[in-house]
Number of protein chains: 2
Amino acid sequence: MTRRFIVIGGVAAGTSAASRARRTDPQMEIVLFEKGDYVSYGACDEPYYISGLIPSWENLLVRKPEVFKQKQNIDIRLRHEVTKIDPGKQTVEVLDLDSGDKTVHEWDALIIATGARPKKPALQSCEASNVFYLKSLNSAISLKRFLDQEKPENVVTYGGGFIALEMAGAFAELGIANTVVIRGKQVGGRLEPEIAEKVEETLNAYSGPLVKNAALEEIELDDAGRAKALVTDKGRFEAQAFLISIGVVPNVELAQAAGIELGPTGAIAVDSRQQTSIKGIFAAGDCCETYNRISKCATYSPLGDIANKQGWAAGENAAGGDIIYPGALGSWSFECFDLEVASTGLLSSQAERAGYEVFSNMVTHASRTHAQPGRKKIWVKLIADRKTHKLLGAQIAGEEGAAQRIQALAVALFKQMTVEELADVDLAYAPPFSPVIDPILIAARDATKRLAKP
Amino acid sequence: MTRRFIVIGGVAAGTSAASRARRTDPQMEIVLFEKGDYVSYGACDEPYYISGLIPSWENLLVRKPEVFKQKQNIDIRLRHEVTKIDPGKQTVEVLDLDSGDKTVHEWDALIIATGARPKKPALQSCEASNVFYLKSLNSAISLKRFLDQEKPENVVTYGGGFIALEMAGAFAELGIANTVVIRGKQVGGRLEPEIAEKVEETLNAYSGPLVKNAALEEIELDDAGRAKALVTDKGRFEAQAFLISIGVVPNVELAQAAGIELGPTGAIAVDSRQQTSIKGIFAAGDCCETYNRISKCATYSPLGDIANKQGWAAGENAAGGDIIYPGALGSWSFECFDLEVASTGLLSSQAERAGYEVFSNMVTHASRTHAQPGRKKIWVKLIADRKTHKLLGAQIAGEEGAAQRIQALAVALFKQMTVEELADVDLAYAPPFSPVIDPILIAARDATKRLAKP
């Protein structure tokens, strides 16, 4: 009997899992159900498609269903929604969204890669046709179509996370005035305050006004039922379109209904092999938790590269292999206009909550030698344990080389280096790429000096 | 009695040593003798001054003598050549190159930072006025002045190291035809063959012809005594100017005459505190050896950042401190036209000579996601120990993000990571900066897979 492997969801984690499963077991039957219109696309590229940098949404497709079929014998069913998992019978119930037909499929191994959906305010008006959320490729296509067809002169963005900040650049690129309204006192909940300041300076220089500490109260609709203003306790912001970008929630309902345990973050709990609380059922990507190597806790980290890597582990293990997903450090990067922002490890505040005696320092330096006309400012913040001097986290911002520089710090963090050790690393130097002593080393030396003081 | 600290040479190592000594001991008298016209300049920036990117040689000056005096009470004597070190009497004999006066100066601590000079062929004609070498700021100013005044239409470069390859870009920028002639079978003696190939493709695309396996036999002079052709066993290459770039030799004669031991490389031998064989005499920079952490051998590594770091250690220790220079990994980078080339650790050939059973692999990937129009190809070569799977070295080339990416591998090498561990590091991902799985991780996964095969 041929084993059957079923994957629910086909963006990053699901297709990674299916592909890896195929490599692990060339014989098994692999079926992937995706309720949307597309699989295997680069969701993180969506702001760059909307900005026009990437000419068509088709460029975002990494691999089309027919290619999965031809090259890997993976059977992809688009617009098929899995409506029920029966762990006892080892079946899923599937609804064909076009025909309305329901079918039941048996599986020997199951991977849940249902992803996440945008968080929405508890307001009916947030479903108006000119209120947008950015997550799926469909959502990106809708927004782009609206911008192309309706040519709004202005938008209001509610939220200040990565997507909102990337979209600020996209709106500017399109010549659309954009007011960013955030609930908190700084942009980017995962940014150190000093780094958030640099992002806000960038927004103030290149984007429309930034309004902070403004809690959403209402979205006002016009007579035609279209949104006309975002109302907050800090004022009313009119626009022709609205982008709500306040985070995502994991799609866990299907798993939960099947009796699969959720973790403390509300996402699906998985072990180091990406197996859920039910043997034979694996989960990967934005629907499940991610083990953080530094905090040693389960976290919710809905990021494309993590989804891809978890999918790889889940696919291998579900197909009979035995590998572990090694956990995340909490590394990420994004671009806000020309400012690169990147991070690894814990924030100061997270480190404090984790019980560390936290040391941090920030240095301002340059991306190249002082003689190079193209040099840009770069800010490096290190977060370390005051007792052991071990690195706990780092953030870098700058218009050149910030995103790439974080990778060296991610490796340092992975190996639990102290700031003293980091200061001793022999990094490569050439004037177009760094000052004689790289900003990372300058930061590590500065930390070494400060930590040596009583 | 005030202690007197004397530094011989004032480019990278010498000024770094003097500055660090001042921070270590605010009281001591610090005198730096430099036989040239300048101190504290960015020699690695010289090709970019010659290309015109950096408008004036004055931009290369990091700190002028009067600033050293005012801010740090460091007494800099330009055009003063130390002609003798007497370790017994603890004196140096100094010749004022302008007045011809000789003076003798006592020291309590001495740092030798005499640097290196360009290697020259054993030909009288190699001193002709239109034959250039690039090392000191004076040499850069001379070449630039010649190019500005004489406006040669063409040059021939002999040698294919970093400087020759950086200068190929500079000559092209200036519209000067350039034929690069090399003795060996590939450019860049420190490049892996596959990476050298990428550099050669770049040269072939953007520079004049590249002539390989050509041994220099003669430089032909015209009646006015100016060079007119470089004659090799592969042919005769006429030009209006010539750049000879075949490496450097350490300036050790002064140290050697004082009885200071040289190491196996021919440079001054130093211990981990940068002390020479004579107590109280330290050396740093291009005149001395560098301990390599991977080969665990003394090497000759004349690089600006190493000079700076060795100067720092030498200055601290000579002033009474006690720190060690932690050794180099062999990290470096350079740019040839738009191609970034970077390396860390041992070459395959070096690893083989060191007795390792060498594994290596190279992957071709992209600097960003496939949807990003600005993405460039990137090549990552890993070199590892087939027994332990530990990384021994790495080289990266590409038109985007190659130089910065090597830093993560330098940290990995510093921590003696295996390729399997490297594959598990959570690197940051965003479409403008990397594909979902970074080329470094792709290379590490590929190495993991290949090493797992029997």
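**View 1. Strands β4, β5 and β6 of chain B pair in sequence through two hairpins.** B:Glu81 has B:Leu95 in β5(B) as its bridge partner. In this predicted model, local features need pLDDT of at least 70 and side-chain atom pairs count only at pLDDT 80 or more, while totals for chains, interfaces and linings use all residues. Residues are numbered from 1 along each chain as its sequence is written, chains are lettered from A and ligands numbered from 1 in the order in which they are written, and side-chain values use heavy atoms, with hydrogens and water left out. Strand β4 (residues 80-86) and strand β5 (residues 91-96) of chain B are antiparallel and share six bridges; two strands pair if DSSP finds at least two bridges between them. Helices (H or I, at least four residues) and strands (E, at least two) are DSSP runs, numbered from the N terminus. Four residues separate β4(B) from β5(B) in their hairpin, and B:Gln90 in the turn has a positive phi of about 55 degrees. β5(B) also pairs with strand β6 (residues 102-106) of chain B, antiparallel and over five bridges. Here B:Val92 is matched with B:His105 in β6(B). The hairpin of β5(B) and β6(B) has five residues between the strands, and B:Gly100 in its turn has a positive phi of about 80 degrees.

**View 2. An open sheet of five strands in chain B has antiparallel pairing.** The strand order is β21-β22-β25-β24-β23 (chain B). Because β21 and β23 (358-366) of chain B stand at the edges with a single partner strand each, one side of each has no neighbour in the sheet. From one strand to the next the twist averages 10 degrees; axes are lines fitted to C-alpha atoms, for helices over the stretch in contact, and angles run from 0 to 180 degrees between N-to-C directions. β23(B) and strand β24 (residues 377-385) of chain B run antiparallel, joined by nine bridges, and B:Ala366 has B:Lys377 in β24(B) as its bridge partner.

**View 3. Helices α6 and α10 of chain B lie across strands of chain B.** Helix α6 (residues 193-206) of chain B lies across β21, β22 (339-345), β23, β24 and β25 (391-398) of chain B, at about 160 degrees to β22(B). α10(B) crosses β21, β22, β24 and β25 of chain B and runs at about 175 degrees to β25(B). Contact means heavy atoms within 4.5 Å.

**View 4. Chain B is in contact with chain A.** The contact involves 59 residues of chain B and 59 residues of chain A. The area buried between the two chains is about 5400 Å², with 61% given by carbon and sulfur atoms; buried area is the accessible area (1.4 Å probe) that two parts lose on being put together, summed over both. In chain B, B:Gln404, B:Asp426 and B:Phe433 lose the most area to chain A, together 14% of what that side buries. Two salt bridges are counted between the chains, a salt bridge being a side-chain nitrogen of Lys or Arg within 4 Å of a carboxyl oxygen of Asp or Glu. B:Glu421 forms a salt bridge with A:Lys415, their closest N and O atoms lying 2.8 Å apart.
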